[in-house]
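This report walks through a single protein chain, with attention to burial, backbone geometry and empty space. Please keep the sequence and the coordinates at hand while reading.

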Amino acid sequence: MRQLLLKYFCLSSLFVTIVSCSPTQNYSLRKKGFVAESDIHSIVNRDNSLLYKAEITLYNRYYSGLIVLKQTDSITSHLVFITELGMKMFDFEIRNNQFKLIYVFEPLNKPEVLDLLESDMKLILLQNLINTEANIFEQENKTGYIYQTAKGNLKYYYFVNAGTKTVEKIIVRGNLGWKEKVNYLYNENLNAKQILLKHKGFIRLRIELTSIDRKLQP
């Protein structure tokens, strides 16, 4: 009997902890709606390509170099990671919100690694949010709101600044807590000057991007 009570208490405590830490705490559900591309500020700048210093930790291995986010035409952009020695690590083409792997460095050419890189890059670039139906939660002071979407047993929470439409934070939650977090900082031109992603799980991944104050020619 004591063991049953202890088990019940532990499960109840876990449930209370999960509920009390809900990302939508202090927000009210306003409506459900379709998130169009015009509803949020894009991470990829359509006028100028963006250059980032990149630090990536994967499988306890550290990679550093440069990541370029470049809009090549009205529906296509590229995301390329080049090491400090000039070696290309990966190149993704993004067309109509669909990712296509153009190139990957052979040591990274493993299905589980490629799936993780692609899903996390999609998360960073808001590809999982655009053209998606979402629950919309609003703060009482109406200075911010949350788009909440779901896929499988995962829920995605996008924290948006109501004035600039910029996504300031993303939390991905599973049944037992958060699995991924992304934080954004923006400059006066609303370009993302710093992006930090932390991924928990069997494959731990950390990506830190810091904008370099230089504009590449389109």
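## Two leucines with positive phi

Leu-190 is partly exposed, since its relative accessible area is 26%, and this value falls between the 20% below which a residue counts as buried and the 50% above which a residue counts as exposed. The model in which Leu-190 is seen is a predicted one. Leu-190 lies in the loop between strand 11 and strand 12, the latter covering residues 192-199, and has a positive phi of about 65° although it is not a glycine. Most residues other than glycine have a negative phi.

Which surroundings does Leu-126, with its positive phi, have in the chain? Leu-126 is found in the loop between helix 2 and strand 7 (132-139), and, although Leu-126 is not a glycine, its phi is positive at about 65°. Leu-126 is buried, because its relative accessible area is 0%, which lies under the 20% cut-off for burial.

## The chain as a whole

The chain holds two helices and 13 strands, and buried residues make up 42% of its 218 residues. Among contacts between residues at least 6 apart in sequence, 44% join residues that are at least 24 apart.

The mean pLDDT of the chain is 85, with 88% of the residues reaching 70 or more. Among the elements of the chain, strand 9 (residues 154-161) has the highest mean pLDDT, 96, while helix 1 (residues 2-20) has the lowest, 42. Over residues 4-20 the pLDDT is below 50, and this stretch has five contacts in the model beyond near neighbours in sequence.

## Helix 2

How does the span of helix 2 agree with its 14 residues? Helix 2 covers residues 111-124, and at 1.5 Å a residue it should span 20 Å; the C-alpha atoms at its ends are 20 Å apart, so the expected and the modelled spans agree.

The buried residues of helix 2 are Val-113, Leu-114, Leu-116, Leu-117, Asp-120, Met-121, Lys-122, Leu-123 and Ile-124, a list that includes the charged-type names Asp-120 and Lys-122. Helix 2 is followed by Leu-126, the residue whose phi is positive, near 65°.

## Strands 4 and 5

Ser-77 is found in strand 4 (residues 76-83) and is buried, because its relative accessible area is 7%, under the 20% limit. Leaving aside neighbours within four places in sequence, Ser-77 is in contact with Val-44, Lys-70, Gln-71, Thr-72, Phe-92, Glu-93 and Ile-94. One of these partners, Val-44, is 33 residues from Ser-77 in sequence, and the two C-alpha atoms are 7.9 Å apart in space.

Asp-91 has its place in strand 5 (residues 88-95) and is likewise buried, with a relative accessible area of 7%. The side chains of Asp-91 and His-78 are joined by a polar contact of 3.0 Å. Beyond neighbours within four places in sequence, Asp-91 is in contact with His-78, Leu-79, Val-80, Lys-100, Leu-101, Ile-102 and Tyr-103.

## A loop residue before strand 2

Asn-48 lies in the loop between strand 1 (27-35) and strand 2, and is partly exposed, with a relative accessible area of 23%. Asn-48 and Thr-72 are 24 residues apart along the chain, and their C-alpha atoms are separated by 9.9 Å.

## Pocket and cavity

Rolling a probe the size of a water molecule over the atoms shows where empty space is left. The largest pocket holds about 460 Å³ of space and is lined by 22 residues, of which Ser-119, Asn-128, Lys-151, Leu-154 and Tyr-156 lie nearest its centre. Helix 2, strand 8 (144-151), strand 9 and strand 11 (177-186) are the elements that give two or more residues to this lining, and the largest share, four residues, comes from helix 2.

The count of cavities of 30 Å³ or more comes to one, and the largest cavity holds about 40 Å³ of space. Its lining consists of Ile-56, Leu-58, Tyr-63, Phe-81, Met-89, Phe-90, Leu-108 and Leu-117, and the elements that give two or more residues to the lining of the largest cavity are strand 2 (50-58) and strand 5.

Notes: Residues are numbered from 1 along each chain as its sequence is written. This is a predicted model: local features need pLDDT of at least 70, side-chain atom pairs count only at pLDDT 80 or more; totals for chains, interfaces and linings use all residues. Side-chain values use heavy atoms; hydrogens and water are left out. Buried means under 20% relative accessible area, exposed over 50%, partly exposed in between (1.4 Å probe, protein chains only). A polar contact is a pair of N or O atoms within 3.5 Å; within protein, one must be able to donate a hydrogen and the other to accept it, and residues adjacent in sequence count only if both atoms are side-chain atoms. Contact means heavy atoms within 4.5 Å. The expected span of a helix is 1.5 Å times one less than its number of residues. pLDDT is the predictor's confidence in each residue, from 0 to 100. On a 1 Å grid over the protein atoms alone, a cavity is a set of points where a 1.4 Å probe fits but cannot get out, and a pocket is an open set with protein on both sides within 12 Å along at least five of seven lines; lining residues have an atom within 4 Å of a point. Grid points are joined across faces, edges and corners, and a volume is the space filled by probe spheres set on the points.
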